[in-house]
Amino acid sequence: MKYRRILFSILAVILLASAAGCSSSQNEEHKASAKARLITEDEKVYVGFILDTLQDERWYRDKELFETQVKELGAEVKTLAANGSTEVQISQAELLIAEGVDVLAVVPYDAEAAAEIVELAHKADVKVVSYDRLIKNADVDYYVSFDNEKVGELQASEIVKKKSKGKFAYIGGAETDNNAVLFRKGAMKVLQPLIDKGDIELVYDQYTEKWDPAVAERNMKKALKKEGNKITAVVAANDGTAGGVIKALSASGLAGTVPVSGQDAELEGVRRVYKEIQSMTVYKPIVTLAKNAAEVAVKAGRNENIATETSVHNGKADVPSILLEPIAVTKDNIQDTVVKDGYLDKKDITGE
Ligand code: GAL
């Protein structure tokens with residue numbers, strides 16, 4: 001760790017200095033501060049955390065909780081967000097590798113394109129942990145997430161409890177996100193038998209570019225127009241897309257009468273569940289995800305052995321994995337789930 005980091009940090013200073021067109025005196029300053037940092041913290045594992053986006057509420061929690069956990073384990077961490085761009089995410093990986101990270105935790109924007117990050121990292125002897133979303137077709141070292149097919153099953157099951165017959169719409173997540181594919185797969189496990197029986201007709205089925213609520217709203221408006229507003233229920237992949245769907249439904253005077261699913265237990269999502277405008281959301285205890293992922297990242301950075309209960313095949317390798325349990329939240333169990341865990345405050349949800 002030590003000698004590689006000295007080498008890489010000097011390289012980083014040169015890279016950054018030339019990039020910033022610094023004067024020679026500033027150059028010396030950079031080198032001095034990098035060396036100073038090294039002398040005091042050379043045994044600390046350095047973790048780079050690369051997010052896809054901070055668009056959705058949950059990623060702020062992931063950032064805070066993961067950073068806290070990594071520091072509690074005596075390591076350092078730097079977080080960057082790529083705002084939904086593969087190019088930016090790859091250049092952020094290059095920068096962190098040049099800065100001497102020992103391990104990268106990555107929330108890939110594009111599951112396939114992020115394979116390049118794994119190649120770059122391994123060339124520099126840096127480990128890669130897939131955080132929440134799996135990087136496909138690459139030798140990923142570890143994967144820490146939730147049982148994402150189960151998320152889809154919970155969403156469709158709660159909707160079918162409300163409406164088990166009629167015209168359904170599926171409003172998915174971003175197709176670049178492997179989770180969105182798994183959520184849909186889980187939902188179809190519940191819906192397909194009812195479709196085969198002829199009870200349900202899936203009249204609209206679309207992924208949502210970049211998980212953008214405005215795109216979900218637009219797509220839902222298209223579906224309503226195509227079906228003359230005769231849509232019985234909507235399986236939406238997260239609270240962001242559910243919010244867009246409900247905007248489209250309320251424009252047609254249907255909000256609250258058409259069941260809609262969600263995910264992430266965002267405050268606005270849980271408020272809608274409380275007001276029964278949205279039927280359910282899926283609570284994924286981020287604190288447990290961040291804690292497990294931080295432990296794996298820091299151990300990987302120390303080249304320690306990490307035993308996992310399961311592995312997931314990502315098209316190239318069986319990736320050692322930790323998959324956590326998602327929890328369905330309806331109006332009836334808000335108190336016993338997100339409130340009890342301190343994830344959300346009752347007053348914020350009910351306004352009382
Ligand atoms: C998924 C994640 C969800 C949701 C979505 C949009 O990968 O598992 O919790 O937030 O991204 O960012």
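For these notes, a polar contact is a pair of N or O atoms within 3.5 Å; within protein, one must be able to donate a hydrogen and the other to accept it, and residues adjacent in sequence count only if both atoms are side-chain atoms.

Ground rules first. I am working on a predicted model, where local features need pLDDT of at least 70 and side-chain atom pairs count only at pLDDT 80 or more, while totals for chains, interfaces and linings use all residues. Numbering runs from 1 along each chain as its sequence is written, and side-chain values use heavy atoms, with hydrogens and water left out.

**Ligand contacts.** I looked up the side chains with an N or O atom by a ligand oxygen. For N179 I got 3.1 Å, for K284 2.9 Å, and for D132 2.7 Å. Then I checked cover: the protein hides 100% of the 300 Å² of accessible area that the ligand has on its own (Shrake-Rupley method, 1.4 Å probe).

**The shell.** I counted a residue as near if one of its heavy atoms lies within 4 Å of the ligand. There are 13 residues around the ligand, and D56, D132, R133, D177 and D264 come nearest. By type I have three nonpolar, three polar and seven charged residues. In my scheme Asp, Glu, Lys and Arg are charged, Ala, Val, Leu, Ile, Met, Phe, Trp, Tyr, Cys and Pro are nonpolar, and the others, Gly among them, are polar.

**Domains.** I find at least three shell residues from each of domain 1 (2-140 + 286-324) and domain 2 (148-284 + 328-350). Those bounds come from an automatic or database domain assignment.

**Odd backbone spots.** D132 turned up again: its phi is positive, about 70 degrees, although it is not a glycine. I placed D132 in the loop between β4 and β5 (142-146); helices (H or I, at least four residues) and strands (E, at least two) are DSSP runs, numbered from the N terminus. D125 also has a positive phi, near 60 degrees, and is not a glycine either. I found D125 in the loop between α5 (115-123) and β4 (127-131).
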